[in-house]
Amino acid sequence: MALSRLWVRGRLIQPRRVRSLHVSAVRAALVPTKPLRAIAAPAVGSYAPKNDEHVLGSSSELARKISAKVLPKLPRPDVRKVVIVGSGGLSIGQAGEFDYSGSQALKALKEEGVEAVLINPNIATWQTSHQLASEVYFLPITPDYVAYVLEKERPDGVLLTFGGQSALNVGIALDKMGVLERLGIKVLGTPIRTLEVSEDRDLFVQALKEIDIPVAQSTAVSSVNEALAAAEKIGYPVILRSAFTLGGLGSGFANDPEELRDLSAKSLSLSPQVLIERSMKGWKELEYEVVRDAADNTIICCNMENFDPLGTHTGDSIVVAPSQTLPDDEYHMLRSAALKVIRHLGVVGECNIQYALNPYSKEYCVIEVNARLSRSSALASKATGYPLAYTAAKLALGHTLPELPNAVTKTTTACFEPSLDYIVTKIPKWDLAKFSSQVNREVGSSMKSVGEVMAIGRTFEESLQKAIRQVDPRYKGFEAYAAPEDLDRALSRPTDMRLFVIAYAMYHKNYSVDEIHELTKIDRWFLHKIDNIVQTRLALNTAGSLENVDEELMRTAKKMGFSDPHIADLVSSTEDKVRSRRKSFGITPFVKRIDTLAAEFPAHTNYLYTTYNASEHDVKFDDNGTMVLGSGVYRIGSSVEFDWCAVTCARKLRDMGNKTVMINYNPETVSTDFDEADRLYFEELGFERVMDIYELEGASGVVVSVGGQLPQNIALRLKQNGLNVLGTDPEMIDNAEDRHKFSAILDGIGVDQPAWTEITSVDAAKEFAARVGYPVLVRPSYVLSGAAMNVVYEESALDHNLSAAASVSPLHPVVVTKFIENAQEIDVDAVAHEGKLLIHAISEHVENAGVHSGDATLVLPPFSLSEGDMERLKIIAEKVAAAFKISGPYNMQVIRSVVPGKDEAELKVIECNLRASRSFPFVSKVLGQNFIETATSAIVGQDVPEPVDLMKQKRDYSAIKVAQFSWTRLAGADPFLGCEMASTGEIASFGSTIQEAYWAALLSQTGFKIPRPNSGVLLGGDVTKPEMRTVAEELIRLGFKLYCSSSDVEEFLNNISYVSAKRIFFPTKDKRKLREVFDEYDIECVINLAKGRGTSATDEDYIARRNAVDFGLPLLNNARCAQLFVEALALKIPQGGLKKYVEGRIPTEVKSWREFVGVRA
């Protein structure tokens, strides 16, 4: 029997036989019910509440009438217009989970008839669509800009808990500024005082001491000397935590005063207060997700356990739900404490509480409480099927838990605690290998992962192996993908590869469970489960060949989560042969529902997963829907923009009357929300699983062009196996992805491209480079975000770069092309139907070619292209559409270079993707025309619109998309832009001019601080760049003081008329002294125009860039962007752009999306 209780005001109203969450139950047989579209609806029954009455969400008329008399009467806030503060660009520590939670909140507001105004500059998100919000402002999430919007819109209320740490910090600041009180705006949900207490470590510790809840011994400090004194008192080792920061930014462990001195100096540059705490490394870490309404009804939605012990940030830890190793008494001890804490703090809505638990006793303490929706909330929502953000928004509007129906099941109220008859495993996704060798791969208390996956299975083994494959398609399961030289160190000091280090220890070095436990402090329960995988792998190895794998071993392997390719590797066979043998045994996966109730009540959810640990399906397969393949895990190069594409496609298909089947496994996404598709499979996106689901569903077709690179990579195999791949033919996708085939086709249609050759040997590459001249560009095939793509300036670097490209894409050729310097790069996003161009957008890069398009600054409409160039670009788009017979979305990158003696510039195509690109949301929203809706019509050949040339329409505004970087998280990484993508997100803003739009977009970057008037600017880099002179001249004219560290730069600057620059002493090895130098000269901005990456850790340009990031200062590292920045400063300073918010002065860029574009796009 599973755990299901109805809690009203903390009392058990429906006592039932209880089972603790961490024990897996055998699921009872279900009578399959046809899935309905799961959208929250009011409970049936005609009795309506009167005069602040609250009525139980029940179909019983009698129950509704009785509940109206006994439930407490609470006045609901009278709000007709509400502002929601978003989270901004995706960054490490604050990512797509807030698109999901904000979107759910907006749905809840819409149901209540409340007008929603959203402030969020993240143009790639689903929430910044007019389907949800009535007005959207693409503006910075800062106290000043949010105050401007509040003053302009005059809402009745504001929601601060759906935009992560950024929104919460802004809300606290607005309250201190007196803006909320002056404008009469109610803070809905959790009160400001509660937010302050949960964020201010000192107040938080005091609050929990009042109710005798143990907290780690700690001291709040605001200087380095105070930190050292506190640590002496507590005793080393200590952990330092920053207040008011996201994802543990600036946190870390210190074993001695020297380590603490460095860590606290850095942390205090990012946060005004830090907390010095006793270290409890090695303890268990657990989280409880709690929901509370204004009537004090409180439930636990989910509890989760970290696979990794305390010491690894929960965002960088493998997390399992529900907890697996807690005895019942410990589970309830922490549950009771959670309820007590949340009531005492006065949270209204959702929050999470994190615990440290001594594995050898019942000693525990609270680590922190997030009194807002968090990354864990998104995971808990997807893990349980309980719509936390939606429910929290309803509670903020004055509803109570008993009266709200569970939006997923529709048969229970929101007061039910979810019950799980499956195990969920979350594994983080790191992209640390993308950065230079200077980046420390160890993970600790400060988060470094860029995304996460969530896998669902009936056993831990099945769930874990699924999750491993979801992290990266190159991983086939629990295998030794790492082989460290110092194995014990690698086990005891976790890195992003520790799971594979454990595999290496068990497979190749015969380490026992006890030995690994001693080194890692990972609970033995998890390690014994992993040992089950080890033993099954051994049995498959022993079998030796596929013929020796009998039905029992095959079934055991599949129940343990082994994939067909993994089994094929172990028995020296092929995936197709393993699949055929498996199916000959009748071994196929079963489809199960996530219904939040462990099958104890009838449910109608469309929320599904597959498992081999079952005996029947929970659903019938009679929809024959259209499958949409999602984008998978967020990583550098594939992020929320592809989720926007997938959601838009699925919604358009439904609008056209088609049933939809969504496949995705990312808990941070809107596409995995329960009501976005007729059927949602929380599943892998590999060939095996897509085939399984397609065959089970009897799907009518599959869309592979809206989910980024992952679906593209399997498109051809899907077609070859008989699937109906909708839209552009996968053979053509293969032609475009294969650099050699692509180049040959362009030659055939007369479209120009840089000189290229397919590489068969290093000598051939050197001969080609010598012939066309350096620099050259090394380009592998079938990769995302420019992986292993590099510009090579000299022969000595060619060997290394060719081997890197081959290791990324070993099955496909490597192409070397001539790299054109000082050329302009242009993005063309387009949609075609049967080879005929329907719609296109031309965006211009601010940076010259050489910066990856995902990191580049995009401007739309273009600011410098002539009508002749625009027409030629359109002709190229038409030729490409016809040559590849495109039906659906595609994107091209084109180089424009001016050649002396020629009348017109040369246009050369460097890349073409026959899928949606990351700029599709941007161009759709800027031009007021949804490209993916048009593409969906083209893909299925239904309601295809007539062609339209949007680029001929004149517009009186500019929009700029800038990248969001997470350099602060990646200690040691060189903040330099090149051909391989480094950004984790993007933002965009509008303006009447390009300078105004750029100003708003730059300020929208999380953590970007505009320098104060007359402050210092550190200028450095390549003095041959023409922008060095113009930038220096403009900064001096605007009143800034110039400093430099190089004698060459000093000489160059001081030779410019009316410019003076001071060369300063520049410590290259002592960060504390460098900080003192920056403070002495009042340096508040760094502009570094270096030609290349730092050659060493003591390279002055590298140190300037790196420490700008570490000290929380704005960094401009591209010459053309620096020029645009000083132009924006020149525009905004006379308008008061450097001044703080002033009542009654609203800057000209503070307009809604609709006001700029002229329509509700």
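This is a short presentation on selected features of one protein structure.

Good morning, colleagues. The model before you is predicted. I shall discuss salt bridges, then cysteines, then two contacts between residues separated in sequence, then backbone geometry, and finally one surface patch.

Let me begin with the charged pairs. Side chains of opposite charge can pair when their charged atoms come close. How many salt bridges does the structure hold? The count is 72, and I have chosen three of them for discussion.

In one of these, lysine 107 pairs with glutamate 676, and their closest N and O atoms are 3.0 Å apart. Lysine 107 belongs to helix α2, residues 97-111, while glutamate 676 sits in the loop between β22 (660-664) and β23 (679-682), so this salt bridge ties together parts that are 569 residues apart in sequence. Are these two residues buried or exposed? Both glutamate 676 and lysine 107 are buried.

Another salt bridge joins glutamate 417 to arginine 335, with 2.6 Å between the closest N and O atoms. Here the partners are 82 residues apart in sequence: arginine 335 lies in helix α10, residues 328-345, and glutamate 417 lies in the loop between α12 (388-396) and β17 (423-429). Arginine 335 has a relative accessibility of 5% and therefore counts as buried. Glutamate 417 is also buried, at 1%.

The remaining pair in my selection is arginine 582 with aspartate 564, whose closest N and O atoms are 2.9 Å apart. Arginine 582 is in helix α20 (residues 575-584) and aspartate 564 is in helix α19 (residues 564-570), the two being 18 residues apart. What is the relative accessible area of arginine 582? The value is 0%, so arginine 582 is buried. Aspartate 564 likewise has a relative accessible area of 0% and is buried.

I turn now to the cysteines. How many disulfides does the structure hold? The number is 0. Consider cysteine 302: the nearest cysteine sulfur belongs to cysteine 301 and is 5.7 Å away. Because a disulfide requires two cysteine sulfur atoms within 2.5 Å, that separation leaves cysteine 302 in no disulfide. Cysteine 302 is buried, its relative accessible area being 2%. Cysteine 912 is buried as well, with a relative accessibility of 3%.

Next, two contacts between residues separated along the chain. Tyrosine 145 is part of helix α3, which spans residues 143-153. With a relative accessibility of 6%, tyrosine 145 is counted as buried. Its C-alpha atom is 9.9 Å from that of glutamate 1149, although 1004 residues separate the two along the chain.

The other example concerns leucine 487, a residue of helix α14. Leucine 487 is buried, at 8% relative accessible area. From its C-alpha to that of isoleucine 502 the distance is 9.1 Å, and the two residues are 15 apart in sequence.

I come to the backbone. Most residues other than glycine have a negative phi, and most peptide bonds are trans. Where does this model depart from that pattern? One cis peptide bond runs from tyrosine 236 to proline 237, with omega near 0 degrees. Proline 237 occupies the loop between α8 (224-234) and β9 (238-242). Another cis bond joins alanine 321 to proline 322, and its omega is about -10 degrees. Proline 322 lies in the loop between β14 (319-321) and α10. As you will recall, α10 is the helix that holds arginine 335.

As for phi, serine 572 is not a glycine, yet its phi is positive, near 55 degrees. Serine 572 is in the loop between α19 and α20, the helices that contain aspartate 564 and arginine 582 respectively. At 70% relative accessibility, serine 572 is exposed. Asparagine 624 also has a positive phi, of about 50 degrees. The loop between β20 (607-611) and β21 (626-629) contains asparagine 624. Its relative accessibility is 41%, so asparagine 624 counts as partly exposed.

Finally, the surface. Which residues form a negative surface patch? They are Glu485, Asp486, Asp488 and Glu515. Glutamate 485 is located in the loop between α13 (460-471) and α14 (487-492). Why does glutamate 485 count as exposed? Its relative accessibility is 85%, and the threshold for exposure is over 50%. By contrast, leucine 487 of helix α14 is buried.

That concludes my presentation. Thank you.

Technical notes:
Residues are numbered from 1 along each chain as its sequence is written. This is a predicted model: local features need pLDDT of at least 70, side-chain atom pairs count only at pLDDT 80 or more; totals for chains, interfaces and linings use all residues. Side-chain values use heavy atoms; hydrogens and water are left out. Patches are made of residues with over 30% relative accessible area and no salt bridge: like charges are joined within 9 Å, nonpolar side chains (Val, Leu, Ile, Met, Phe, Trp, Tyr) within 5 Å. Accessible areas come from the Shrake-Rupley method with a 1.4 Å probe; for residues, only the protein chains shown count as cover. A salt bridge is a side-chain nitrogen of Lys or Arg within 4 Å of a carboxyl oxygen of Asp or Glu. Lys and Arg count as positive and Asp and Glu as negative; His and the chain ends are not counted. The place of a charge is taken as NZ of Lys, CZ of Arg, CG of Asp or CD of Glu. Helices (H or I, at least four residues) and strands (E, at least two) are DSSP runs, numbered from the N terminus. Buried means under 20% relative accessible area, exposed over 50%, partly exposed in between (1.4 Å probe, protein chains only).
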